[in-house]
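This briefing covers one sheet and the helices around it. Keep the structure open while reading.

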Amino acid sequence: MNPATLIILSLLLVLWPIQPTPSHAFDSIFSFGDSYIDTGNINLLGKKFSGSPYSDNSPYGQTFFHRPSGRYSDGRLIVDFLAEEFGLPYLKPYLGKKGSFRQGANFAVDGATALDPTFFKQHNLTVTSSSLSTTISSQLQWFKELKPSLCQTTKDCRDYFGRSLFIVGLIEERDYFEMQSSDLNMMMSCAPTIVRIIGGTIKELLDQGARTVVVPGIIPMGCLPAILTDFKFHGDNSSFDLKTGCVETYNKLSRYHNSLLLKAVKELRVKYPHAKIIFADIYKPVMNFVRFPQRYGFTSRPLIVCCGKGGEYNWLPFAMCGSPHVHVTACQNPSTYLNWDGLRLTETAYRYITKSWLRGPYADPPILDARTK
């Protein structure tokens, strides 16, 4: 993509507001994933990560909700912007089990993985997430438990889910984070298995009647301040990309994973020609934010954390955003930051990404082109 085209696309993403689609193309949204789209399930589980952020503590939620809302950001997430686009209420966390889920449910849980916990034990990997018992298979089981309250017959379910938007992904990063003590070859060797599990989940949903499924890739993990801090701590400066400041080995893993996921999406399209299976690229827009931050209104140092404390990237593992043990404050203007808490992004970043998925160019096909007629 030449520089002139990139500038035009950048301006469109900044200036093109998200507005409700008049046709209300989807009647409901169902999402599966981790903290990038979790709207409160982790808090309802009553489990916390050892030394990790707490989304039910301030200053989480300060930008939009003006209070902690169970979301790991300063405001809205991608699923929130999608709900707004289609005139739907914000997705309730399934584990809250309050009210009707006719307009959708969020099964995503912070720290969830694709791989089963036994995998990590078998490979002698130290598990840092107490919610690692929650996998995408667990989320799929919750969906099946909810299903009888939404539809009864096969035809009813196909009609109902055929008018729904499904989001399956943004979960696999935790699998790789749990392998940080392993080398790159070990992590890459696991990628096909992780992608196969994600593909199997999508297949089950399609068999249940889903017709439109958004499958996000993973972000450039090497640009996450938590990863950057770890590499700096161990003095491994040779892995850094001098142009972006990111850890290239982790970005290479992200690209490899995404290439496998795209291949799996293409194979599913052949098997389910009636369905719209959308590959949503999050890697490219985030890399654009890192390379050209000021085009999007971000600070010229895009790898610095908004809500954190200490260290080169304003992020240290013992002083994370929302920690009840250390006083941690947020930056004055989160909209000028790409990264919120060292692992997740700001509302502003999520808004730009959602726009690029709805209308292109970072979704194939764009969600609005695939919507139910």
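Helices H3 and H12 are oblique to each other, because their axes cross at roughly 55°. The model is predicted. The points below start with that helix pair, then turn to the sheet, its two buried strands and helix H9.

**Helix pair H3 and H12**
- H3 spans residues 78–85 and H12 spans residues 347–358.
- Their axes come within 9 Å.
- The crossing of H3 past H12 is right-handed.
- On the H3 side, Ile78, Phe81, Leu82 and Glu85 make the contact.
- On the H12 side, the contact residues are Glu347, Tyr350, Arg351, Ile353, Thr354, Trp357 and Leu358.
- Sorted by class, this contact holds seven nonpolar, one polar and three charged residues.

**Sheet layout**
- Six strands form an open sheet in the order E2-E1-E3-E4-E5-E6.
- Pairing in this sheet is mixed.
- E2 and E6 (363–364) are the edge strands, and each pairs on one side only.
- Helix H8 (residues 184–208) packs on the sheet.
- H8 touches E1, E3, E4 and E5 (276–280).
- The direction of H8 makes about 165° with that of E3.

**Strand E1**
- E1 covers residues 28–32, and five of its five residues are buried.
- Ser28, Phe30 and Phe32 lie on one side of E1, with Ile29 and Ser31 on the other.
- Both faces of E1 are covered.
- E1 pairs with E2 (residues 104–106) in the parallel sense, over three bridges.
- In that pairing, isoleucine 29 stands opposite glycine 104 of E2.
- E1 also pairs with E3 in the parallel sense, over five bridges.
- Serine 28 stands opposite serine 164 of E3.
- The bridge partner of isoleucine 29 in E3 is leucine 165.

**Strand E3**
- Five of the five residues of E3 (residues 164–168) are buried, so the strand is largely enclosed by the rest of the structure.
- Ser164, Phe166 and Val168 point one way from E3, and Leu165 and Ile167 point the other way.
- In a regular strand, side chains alternate between the two faces of the sheet.
- E3 pairs with E4 (residues 212–216) in the parallel sense, over three bridges.
- Phenylalanine 166 has valine 213 of E4 as its bridge partner.
- Isoleucine 167 stands opposite valine 214 of E4.

**Helix H9**
- Which residues of helix H9 (residues 225–233) are buried? They are Pro225, Ala226, Ile227, Leu228, Thr229 and Phe231.
- The buried residues of H9 pack against helix H7 (173–177) and helix H10 (248–271).
- Glycine 235, just after H9, takes a positive phi of about 70°.

**Points to check in the view**
- Isoleucine 29 of E1 faces glycine 104 in E2 and has leucine 165 as its bridge partner in E3.
- Follow E3 next: E1 pairs with this strand over five bridges, and E4 pairs with this strand over three.

Methods: Residues are numbered from 1 along each chain as its sequence is written. This is a predicted model: local features need pLDDT of at least 70, side-chain atom pairs count only at pLDDT 80 or more; totals for chains, interfaces and linings use all residues. Side-chain values use heavy atoms; hydrogens and water are left out. Axes are lines fitted to C-alpha atoms, for helices over the stretch in contact, and angles run from 0 to 180 degrees between N-to-C directions. Helices (H or I, at least four residues) and strands (E, at least two) are DSSP runs, numbered from the N terminus. Angles under 35 degrees count as roughly parallel, over 145 as roughly antiparallel, 65 to 115 as roughly perpendicular and the rest as oblique. A crossing is left-handed if the near helix is turned anticlockwise from the far one by less than a right angle, and right-handed if clockwise. Contact means heavy atoms within 4.5 Å. Ala, Val, Leu, Ile, Met, Phe, Trp, Tyr, Cys and Pro count as nonpolar, Asp, Glu, Lys and Arg as charged, and the others, Gly among them, as polar. Buried means under 20% relative accessible area, exposed over 50%, partly exposed in between (1.4 Å probe, protein chains only). Two strands pair if DSSP finds at least two bridges between them.
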